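Trainee: Could you go through this model with me? I'd like to hear the reasoning behind each label, not just the label.

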Amino acid sequence: MTDLTEIFAWPQIGVFLIDMAIAVTIGIVIGQERHAAGKIMGKRSTIILIVGAFLFTYASQRGGLDHGRVAAQIVTGVGFIGAGIIFKRGDKDILNLTTAILVWTMAAIGVLIGLNLLIEAVVASAVIYVTLRTKDVIR
């Protein structure tokens with residue numbers, strides 16, 4: 001069992017707070033882009049999704065759990081949520097596909113942050129942001 005001096009160790013709290021701030025900041029930036037584009041997923045949803053994935057991953061690290069299993073469960077659970085977002089209208093129109101994919105990738109960003117892979121999380125977020133902003137160029 002972990003004693004209280006390990007739980008409240010200042011270096012650990014500092015790392016947690018920095019990681020949380022990065023998760024929230026990325027959620028705000030991506031969520032604002034989605035909100036400005038008039039999409040169903042905005043800042044609150046994006047922040048909560050990234051922070052949730054971060055917390056599960058962070059807790060698995062602190063608790064000595066298998067990170068691979070935790071990440072796999074996040075992928076499965078978020079994939080289920082994403083599948084519920086996609087709608088088909090008529091024979092050809094598929095709606096909210098990008099939003100469903102974004103749910104999945106935001107969870108991946110949260111996992112990266114939880115594993116303290118901060119540069120990777122920021123670079124991946126930048127790629128996602130640029131991709132979302134340049135939709136007319138990439139089509």
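Mentor: Sure, and let's begin with a term. A salt bridge is a side-chain nitrogen of Lys or Arg within 4 Å of a carboxyl oxygen of Asp or Glu. Keep in mind that this is a predicted model.

Trainee: What makes R69 and D66 a salt bridge?

Mentor: Their side chains meet at 4.0 Å, N to O. The cut-off is within 4 Å, so the pair counts. As for surroundings, R69 is exposed, with a relative accessible area of 62%, and D66 is partly exposed at 44%.

Trainee: Why is R69 called exposed, but D66 partly exposed?

Mentor: Exposed means over 50% relative accessible area, and buried means under 20%. R69 has 62%, so it is exposed. D66 has 44%, which falls in between, so it is partly exposed.

Trainee: How many salt bridges does a search of the whole structure find?

Mentor: It finds 2. Besides R69 with D66, there's R34 with E33, at 2.8 Å from N to O. That value is within 4 Å, so this pair counts as well.

Trainee: And are R34 and E33 buried or exposed?

Mentor: Buried. R34 has a relative accessible area of 4% and E33 has 6%. Both values are under 20%, so the label follows for each.

Trainee: Let's zoom out. What does the secondary structure come to?

Mentor: There are 7 helices and 2 strands, and along the sequence they follow the pattern α-α-α-α-β-β-α-α-α. The protein has 139 residues, of which 29% count as buried.

Trainee: How do you know that the span of α5 agrees with its number of residues?

Mentor: The expected span is 1.5 Å times one less than the number of residues. With 18 residues, α5 should span 26 Å, and its end C-alpha atoms are 26 Å apart, so the two agree. α3 passes a similar check: this helix has 20 residues and reaches 28 Å from its first C-alpha to its last, close to the 28 Å expected.

Trainee: Which residues of α5 are buried?

Mentor: T99, A100, L102, V103, M106, A107, I109, G110, V111, I113 and G114. In α3, the buried residues are T46, L49, I50, V51, A53, F54, T57, Y58 and S60.

Trainee: Which element gives the most to the largest nonpolar core?

Mentor: That core has 26 residues, and those with the most contacts inside it are I30, I74, L102, M106, I109, I113 and I128. The elements that give two or more residues to this core are α2 (10–36), α3, α4, α5 and α6 (118–133). α5 gives the most, with 8 residues.

Trainee: M20 has 19% relative accessible area, so why is it called buried?

Mentor: Buried means under 20%, and 19% is under 20%, so M20 gets the label. M20 is in helix α2. M20 and I113 are 93 residues apart in sequence, yet 8.2 Å apart in space, C-alpha to C-alpha.

Trainee: Why is S60 called buried?

Mentor: S60 has a relative accessible area of 1%, which is under 20%, so S60 is buried. This residue is found in helix α3. S60 and G114 are 54 residues apart in sequence and 8.9 Å apart in space, C-alpha to C-alpha.

Trainee: What about the second largest pocket: which residues are closest to its centre?

Mentor: About 270 Å³ of space lies in it. Of the 17 residues that line this pocket, the closest to its centre are I48, L49, A53, V78 and I81. The elements that give two or more residues to the lining are α3 (43–62), α4 (67–85) and α5 (97–114). α4 gives the most, with 7 residues. By class, the lining has 12 nonpolar, 5 polar and no charged residues.

Trainee: What is there to note about the phi of N116?

Mentor: Most residues other than glycine have a negative phi. N116 has a positive phi of about 65 degrees although it is not a glycine. N116 sits in the loop between α5 and α6.

Trainee: And why is N116 called partly exposed?

Mentor: N116 has 42% relative accessibility, which lies between 20% and 50%, so the label is partly exposed. Just after α3, G64 also takes a positive phi, of about 70 degrees.

Key
Residues numbered from 1 in each chain as written. Predicted model: local features only at pLDDT ≥ 70, side-chain atom pairs only at ≥ 80, totals over all residues. Heavy atoms only, no water. 1 Å grid on protein atoms, 1.4 Å probe; cavity = no way out; pocket = protein on both sides within 12 Å on 5 of 7 lines; lining within 4 Å. Points joined across faces, edges and corners; volume = space filled by probe spheres on them. Helix = DSSP H or I, 4+ residues; strand = E, 2+ residues; numbered from the N terminus. Nonpolar A, V, L, I, M, F, W, Y, C, P; charged D, E, K, R; others polar. Buried < 20%, exposed > 50% of the residue type's maximum accessible area, 1.4 Å probe, protein only. Core = buried A, V, L, I, M, F, W, Y, C linked by side-chain atoms within 4.5 Å.
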